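Biologist: I would like a close look at the part of this model that faces the DNA, with enough background for a first-year student to judge how far to trust it. Please go slowly and keep the steps connected.

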2 protein chains.
Amino acid sequence: MKALQKEKLYTVQEVAQMYGITKHTIRFYTDKGLIPPLIRDENNNRLFNQECLNWLEGCICLKGCGMSIKDLKHYGNLCLKGESTLKERYEMIVKYRDIAKENLLKAQKMLDYAECKVKHYKDILNGRTFDNSNPANWQKSELECRNN
Amino acid sequence: MKALQKEKLYTVQEVAQMYGITKHTIRFYTDKGLIPPLIRDENNNRLFNQECLNWLEGCICLKGCGMSIKDLKHYGNLCLKGESTLKERYEMIVKYRDIAKENLLKAQKMLDYAECKVKHYKDILNGRTFDNSNPANWQKSELECRNN
DNA sequence: ATAATAGATTCGTGTTACTCGAAGTCAAGA
DNA sequence: TCTTGACTTCGAGTAACACGAATCTATTAT
C-alpha cells in the first residue's frame, strides 16, 4: 500500500536547488503558511514530501503570473476548504491568466526594445559615427530606435 | 530655428497619464536623478520636455527588462559621458537583452500554466467531478495539470 | 478683495517580498 | 573530542515604490 512506502523527503537545501530559489525564500514561504502540509522532523527541520513540492510549484507559478503572497495564501486556504470555493478560485485564476497575458505582451515589447538597442550599438561600434561633440546626439543615438 | 519654437512642456500629472505610471513614481525617478534634463518652473514644479520624455521612456523600457534603479542611474551617467563609454553601455544592454529573453520564456510558461488551470476549472465547473470528500483530490485537482 | 479649490511641493512613514547575517542547535566524520 | 556543515530562529536591511500630512501657489467664484 501507499502508506507503507516511505516517500522521499527533501530538505530546504534540496528544494532550493530543485526550483532555483534561495533557502531564505523557502523559509519565508513556509513561515507565511503557503505550504500547509509542511513536515518538521524531530529537530524542527523543514521537510518536503511530494505534496509539499506540489504546493510550492503551484505557488511559484501563480507568483510568476503576478499573484501576491497574500493572494497565494488566500487561494491556498480556498483549496483546503474544498468544493464550495471552486467558483472563487476559478475567478482568481481567470484574473491572473489575464494578467499573465499582459505580462507576456509586455515581455515581448521589452525584448524588442532591447534587441533594437543591441543592434543600434553594434552599428555604432562597427564604425557608423555620430557627431559626439553634440550632447543632443548622445541622447538621440541612445533612443532613436525606441519606437520600433 | 528650433531654439525659437517653444516646445510643449508636460506636468507630472500629464506625464503620469501618458505612460500609465503614478505621480509618486515620477517624483521618485526624478529624485533619483534618472531624468537629468528635468526642468523646474519658477514655483519649483517639475516639467518635462521631449528630451525628458525620451529619458523616461528609456528608463521604463530598461526597467521592464529587469534593470534596477541603480543600474539605470549608472547607464544614464554613461550616456552623459559620451562616446568613451560605448563599450560598457553595449555590454549592459546585451546583459539585459538576455534577461529580457529569459523573462519572455518565463512569461510564456506562466501563461501556459494559468490557461491550463482555467481549462481545468472549466472542466470541473461543467460537471466533471472528483471525490471531493478526499482532501488529497482537492490538491490533485488543483495541480494535476501543472506540468503541461 | 477674500475665500475656496485644485494641483503642486517636500518630507517622512508604511508595504511587499525578499535578503542577509548573527547566534544557537545538532548529527556526523577525522 | 572537536570541528565542520547544515539546519534553526530572529531581527535588521533593502528596493521600489505607495501614501498621507502639511504647505505653498495660481486660478476661479462670491
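**The surface that faces the DNA**

Modeller: Before turning to the DNA, a caution: over residues 141–148 of chain A the pLDDT stays under 50, although the model has 25 contacts there beyond four places in sequence. This is a predicted model, and chain A averages a pLDDT of 87, with 82% of its residues scoring at least 70. Residues 132–139 of chain A also have a pLDDT below 50, and beyond near neighbours in sequence that stretch has eleven contacts in the model. Where pLDDT is low, the predicted coordinates should not be read in detail.

With that in mind, consider the chain that carries the surface you asked about. Chain A contains six helices and three strands, and from the N terminus on, these elements follow the order β-α-α-β-β-α-α-α-α. Of the 148 residues in chain A, 42% are buried.

The protein copies should be considered together. A turn of 180° with a shift of 0.0 Å along the axis lays chain A on chain B with an RMSD of 0.1 Å, and the two copies are thus related as by a two-fold rotation axis. Among the residues of chain A, Leu104(A) comes closest to this axis, with its C-alpha at 3.2 Å. The copies meet through the same surface, because 100% of the interface residues of chain A are also interface residues in chain B.

Now we can look at DNA strand D, which is surrounded by 18 residues, the closest being Gln13(A), Arg46(A), His24(B), Thr25(B) and Tyr29(B). Of the atoms of DNA strand D that lie within 4 Å of the protein, 77% belong to sugar or phosphate, while the rest belong to bases. Several phosphate oxygens can be followed individually: one is 2.7 Å from a polar side-chain atom of Arg46(A), and one is 2.7 Å from an N or O atom in the side chain of Tyr29(B). For Ile69(B), a backbone N or O atom lies 3.2 Å from a phosphate oxygen of DNA strand D. Helix H1 (12–19) and helix H2 (23–31) of chain A, together with helix H2 (23–31) of chain B, are the elements that give two or more residues to the surface near this strand. The largest share, four residues, comes from H2(B).

DNA strand C can be read in a similar order. Among the 17 residues around DNA strand C, those that come nearest are His24(A), Tyr29(A), Ser68(A), Gln13(B) and Arg46(B). Sugar and phosphate make up 72% of the atoms of DNA strand C that come within 4 Å of the protein. An N or O atom in the side chain of Gln13(B) is 3.1 Å from a phosphate oxygen of DNA strand C, and a polar side-chain atom of Arg46(B) lies 2.7 Å from a phosphate oxygen of that strand. Asn45(B) instead places a polar side-chain atom 3.2 Å from a sugar or linking oxygen of DNA strand C. At least two residues of the surface near DNA strand C are supplied by each of H2 of chain A, helix H1 (12–19) of chain B and H2 of chain B, and the largest share, four residues, comes from H2(A).

Key. Residues are numbered from 1 along each chain as its sequence is written. Chains are lettered from A and ligands numbered from 1 in the order in which they are written. This is a predicted model: local features need pLDDT of at least 70, side-chain atom pairs count only at pLDDT 80 or more; totals for chains, interfaces and linings use all residues. Side-chain values use heavy atoms; hydrogens and water are left out. pLDDT is the predictor's confidence in each residue, from 0 to 100. Contact means heavy atoms within 4.5 Å. Buried means under 20% relative accessible area, exposed over 50%, partly exposed in between (1.4 Å probe, protein chains only). Copies are superposed by least squares on the C-alpha atoms of residues with pLDDT of at least 70 in both. A residue is near a molecule or strand if one of its heavy atoms lies within 4 Å of it. A polar contact is a pair of N or O atoms within 3.5 Å; within protein, one must be able to donate a hydrogen and the other to accept it, and residues adjacent in sequence count only if both atoms are side-chain atoms.
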